[in-house]
Amino acid sequence: MIVSLIAAIPKNRAIGKDNQLIWDLPKDMKFFMDSTMGHNIIMGRKNYESIPEKYRPLRNRTNIIVTRNKNYKAENCFVTHSIKEAIAIAKKNNEKECFIIGGGEIYRQSLIDNLVDKMYITHIEASFEGDTFFPKVDWSKWKRKNIFSHKNDQENPYDFEVVSYEK
Ligand SMILES: NC(=O)c1ccc[n+]([C@@H]2O[C@H](COP(=O)([O-])OP(=O)(O)OC[C@H]3O[C@@H](n4cnc5c(N)ncnc54)[C@H](OP(=O)(O)O)[C@@H]3O)[C@@H](O)[C@H]2O)c1
């Protein structure tokens, strides 16, 4: 099984504010939905709770939530107490590619602990005010492959490019 991380990152690496996403880019959201569909997805408890109630658990995906709270319950989700345990659950579920979907704490720890084989990153050509940041990464240490790029339009107000990085 490979462990992938998927994130959208603006120029100043602010990825969230008040436990919400900061921007609305439907074309990138579709890329996220298509990429993760049918897979095991691993997320921090805060990220899970930031998903509007009517959309969670994210449909047609195995939702795995990481929390330190031993009493935490979320219907139709796996709840676990470390990122490594979450990855082990995905493996046990016969997953071929699981996705770490954030937020900031979970991204940071999974990169520090060297748990990530591949990243799908949407680089947004803008900066935002936020309170949660993607960690600094030396992208030159990863093999980069362009997936697609998008110029701003009426529904997607910022230019962005979607890139994969492999170890
Ligand atoms: N731009 C993007 O691509 C993107 C993607 C996802 C999320 N986001 C944004 O990111 C923000 C949320 O990120 P965040 O950093 O605040 O929170 P987070 O990473 O989603 O969740 C943090 C929580 O995860 C649990 N946790 C963290 N490390 C753990 C460990 N080692 N063992 C067990 N549990 C652990 C803890 O839960 P307990 O407190 O329950 O113990 C902690 O409070 C939101 O604004 C969201 O919109 C952005």
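Me: Helices (H or I, at least four residues) and strands (E, at least two) are DSSP runs, numbered from the N terminus. Going by that, what pattern does the protein follow when read along the sequence?

Reply: Keep in mind that this is a predicted model. The protein has four helices and ten strands. Read along the sequence, they give the pattern β-β-α-β-α-β-β-α-β-α-β-β-β-β.

Me: And what is the radius of gyration of the protein?

Reply: The C-alpha trace spans about 45 × 35 × 25 Å along its principal axes. For 167 residues the globule rule gives 15 Å, and the protein comes close to that, so it is as compact as a globular protein of that length. Its radius of gyration is 15 Å.

Me: Among contacts between residues at least 6 apart in sequence, what percentage join residues at least 24 apart?

Reply: A contact here needs C-beta atoms within 7 Å. Among contacts between residues at least 6 apart in sequence, the share that joins residues at least 24 apart is 69%.

Me: On to strand S3, residues 40–44. How many of its residues are buried?

Reply: Take the two sides in turn: Asn40, Ile42 and Gly44 point one way, Ile41 and Met43 point the other way, and all are buried. That leaves S3 mostly covered, and the count of buried residues is five of five.

Me: Which strand pairs with S3 over five bridges?

Reply: Look at the partners of two S3 residues. Gly44 stands opposite Val66, and the bridge partner of Met43 is Ile65. The pairing runs in the parallel sense, and the strand is S4, residues 62–66.

Me: What hand does the β-α-β crossover from S3 to S4 have?

Reply: S3 and S4 pair in the parallel sense. The chain leaves S3, passes through H2 and arrives at S4, and the crossover it makes on the way is right-handed.

Me: Two bridges join S3 to another strand. Which one?

Reply: Ile41 is a handy place to start, with Phe99 as its bridge partner. The two strands run parallel, and the one in question, residues 97–100, is S6.

Me: S4 also pairs over three bridges with which strand?

Reply: S4 is mostly covered, with four of its five residues buried. One of its residues, Ile64, has Phe78 as its bridge partner. The pairing is in the parallel sense, and the strand at residues 78–80 is S5.

Me: Now the ligand. Which residues around it come nearest?

Reply: Strand S1 (2–10), strand S2 (14–16), helix H2 (45–50) and helix H4 (104–112) each supply at least two residues of the shell. The shell residues divide into eight nonpolar, 15 polar and four charged. Of the 27 residues around the ligand, the ones that come nearest are Gly16, Gly44, Gly102, Gly103 and Gly104.

Me: What is omega for the peptide bond from Gly102 to Gly103?

Reply: Most residues other than glycine have a negative phi, and most peptide bonds are trans. Gly103 has its place in the loop between S6 and H4. The bond from Gly102 to Gly103 is cis, with omega near 0°.

Me: And the bond from Arg56 to Pro57, cis or trans?

Reply: Pro57 is in the loop between H2 and S4. With omega near -5°, the bond from Arg56 to Pro57 is cis.

Me: Which residues of H4 are buried?

Reply: An α-helix has 3.6 residues a turn, so residues three or four places apart point the same way. Right after H4 comes Asn114, whose phi is positive, near 60°. Within H4, the buried residues are Gly104, Ile106, Tyr107 and Ser110.

Me: Is Asn19 buried or exposed?

Reply: Asn19 lies in the loop between S2 and helix H1 (26–36). Its phi is positive, about 55°, although it is not a glycine. The cut-off for exposed is 12 or fewer C-beta neighbours. Because Asn19 has 12 C-beta neighbours inside 10 Å, it counts as exposed.

Me: What about Asn94, buried or exposed?

Reply: Asn94 is found in the loop between helix H3 (83–92) and S6. Its phi is positive too, about 65°, although Asn94 is not a glycine. It has 8 C-beta neighbours inside 10 Å, so Asn94 counts as exposed.

Me: Last one: how far apart in space are Gln154 and Asp138?

Reply: Gln154 sits in the loop between strand S9 (143–150) and strand S10 (160–166). Gln154 is exposed, because 5 other C-beta atoms lie within 10 Å. In sequence Gln154 and Asp138 are 16 residues apart, while their C-alpha to C-alpha separation in space is 33 Å.

Terms used
Residues numbered from 1 in each chain as written. Predicted model: local features only at pLDDT ≥ 70, side-chain atom pairs only at ≥ 80, totals over all residues. Near = placed C-beta within 6 Å. Nonpolar A, V, L, I, M, F, W, Y, C, P; charged D, E, K, R; others polar. Buried ≥ 20, exposed ≤ 12 C-beta atoms within 10 Å, placed from the backbone. Pairing = 2+ DSSP bridges. Right-handed = clockwise from strand over helix to strand, strands pointing away. Rg over C-alpha atoms; globule rule 2.2 N^0.38 Å. Contact = placed C-beta atoms within 7 Å.
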